[in-house]
Amino acid sequence: MHQFSHNPFLTRREMLTRSGMGMGMLALAGLTSQESLQAAKQTASVTRHHPARAKQVVHLFMNGGPSHVDTFDPKPLLKKFHGKPLPNPNLPTERKTAGALGSPFQFHKFGESGIEVSELFQKTAAHIDDMCVIRSMHSDIPNHEPSLLLMNCGDNALPRPSFGSWVNYGLGTLNENLPGFVVLCPNGFPVVGPKNWRSAFLPGSFQGTHLDTKETDVTRLIENINNPQKPERQRRQLDLLQQFNQRHLAQRGHDPLLEARIQSFELAYRMQFAASDVLDLSKEPKHIHEMYGDGLQGRQLLMTRRLLEQGVRFIQVWHSGGQEWDHHSGIEKNLKRLCGQWDQPIAAFLRDLKQRGMLDSTLVLWGGEFGRTPVAELPAMNGRDHNHYGFSMWMAGGGVRGGHVHGATDETGFAASENKVHVHDLHATMLHLLGIDHERLTYRYAGRDFRLTDVHGRVVKEIIS
């Protein structure tokens, strides 16, 4: 043991691992040497496979599952059969349900395209000619946890990297002073928490950076953003720390977790200056604040625009921690409240991007992990159960075919029936718009090549302009 007993960086676990004449390590090295060599080469770099239509992504996540038949998929038949059994057999639901629940909201035609949108989103609908509404989305399971993981990570159970992590791994960063993947989620974590934006087996530097946007003070929004020391002194300390870290890394060999931690120190140092500036919304003029409104969601989307301007590649904007769009009861009152919080900010955000010439290169996605049933849930009879058979999402900008409706659900809104789009297809299409072939964006781990869409997915060319 004398060959490593002097090593101050060796942990007890490593000492045990290297004991026994090193046979265990020798066997492991034989099994993993090629994989480690390959993984060492897999650092973020631009790997576009064809010309890109978009370079950045904003995912507006209405966690909980918004009702498509009350927002972007009008179903007049539900009012005709309100309180009565549907004309076609009900599909199995997670909870007990009864007759049809007609939407209490009116739908109107908007824009030159004449697409029907609920009165709940009439300000957003003013931009319908820049939006593509996908009414034929479908998923696998009517439960929040697996559906969130599928929507965010491409798998409903196994640990997989999130969409934002894949995008940053494939395309690299546009700003070395800020994270490439930022998650804005106020009031804590949503269901399954950071698993929604994890990097899994990808290098840790590609994991999403969470900001609790309930805070308005930058020093509270990001902990320890200010350092009382002078930058020159802090830089010298960090340089010394880097020397120790590099020595430690040399002792351990290729270690993605350690490499990611070393990179995080450097990024944190640079963020002290860049993040303080970009997250300071007081620098925006009065008319911009008025356009977005003074609510939490307006603040989140204004922050999003500023992050985009500074080159953040992927931004996910959650409604909040918890599942506020999970309307098993009281759907009329709750939808009015939640849509009212988002309608003006989304409209302002799309307008702002367009007037700054940013919408063409920014892909905006809106939706939840699934939709809601067209039938009422018992016993309250004023809410809807989870529905993964069919639901709506919309995209705007970034090469999307604006003023277009793709696919449809059946006459009651229960299941996708025309031009179905699975979550894997959505991911494949979004990667395509970013210039990436979803079948070629891979990472070798545990002896096989992984990708966001696994062995599934097709590019939905009909929604591309």
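Here a trainee and a mentor talk through some labels used for this predicted model.

Trainee: Let's start with the rings. How many aromatic pairs does a search of the whole structure find?

Mentor: The search turns up 18 aromatic pairs.

Trainee: What makes the pair of F189 and W197 edge-to-face?

Mentor: Look at the planes: they stand at 70°, and the centres are 5.7 Å apart. Pairing needs centres within 6.5 Å, and planes over 60 degrees apart count as edge-to-face. So F189 and W197 get that name.

Trainee: And why is W197 called buried, while F189 is called partly exposed?

Mentor: Buried means under 20% relative accessible area, exposed means over 50%, and partly exposed is in between. W197 has 2%, so W197 counts as buried. F189 has 43%, so F189 is partly exposed.

Trainee: Why is the pair of F201 and Y445 called stacked?

Mentor: The angle between the planes of F201 and Y445 is 15°, with 4.7 Å from centre to centre. Planes under 30 degrees apart count as stacked, so the label fits.

Trainee: Which parts does that pair tie together?

Mentor: F201 is in the loop between β6 and β7, and Y445 is in strand β17, so the pair ties together parts 244 residues apart in sequence. F201 is at 12% relative accessibility, so F201 counts as buried. Y445 is at 38%, so that one is partly exposed.

Trainee: Which residues do ring pairs link into a cluster with F201 and Y445?

Mentor: W166, Y169, F206, Y443 and F450 are in that cluster too. F450 also has R448 lying over its face, at 3.9 Å from the ring centre.

Trainee: How do you know that helix α7 is mostly covered?

Mentor: Count the buried residues: nine of its nine. Among them are W166 and Y169. The buried residues of α7 pack against α6, β6, β8, α14, β17 and β18. Right after the helix comes G172, with a positive phi near 80°.

Trainee: Now the sheet with β2, β10 and β11. What makes β2 and β11 edge strands?

Mentor: The sheet is open, in the order β2-β10-β11, with antiparallel pairing. β2 and β11 each have a single partner strand, so one side of each is left without a neighbour in the sheet. Neighbouring strands here are turned by 65° against each other on average, direction ignored.

Trainee: How do you know that β10 and β11 pair?

Mentor: Two strands pair if there are at least two bridges between them. β10 and β11 have three, in the antiparallel sense, and A376 stands opposite R384 in β11.

Methods: Residues numbered from 1 in each chain as written. Predicted model: local features only at pLDDT ≥ 70, side-chain atom pairs only at ≥ 80, totals over all residues. Heavy atoms only, no water. Helix = DSSP H or I, 4+ residues; strand = E, 2+ residues; numbered from the N terminus. Axes fitted to C-alpha atoms, helices over the stretch in contact; angles between N-to-C directions. Phe/Tyr/Trp six-rings, centres within 6.5 Å; stacked < 30°, edge-to-face > 60°. Buried < 20%, exposed > 50% of the residue type's maximum accessible area, 1.4 Å probe, protein only. Lys NZ or Arg CZ within 6 Å of the ring centre and 35° of its normal. Contact = heavy atoms within 4.5 Å.
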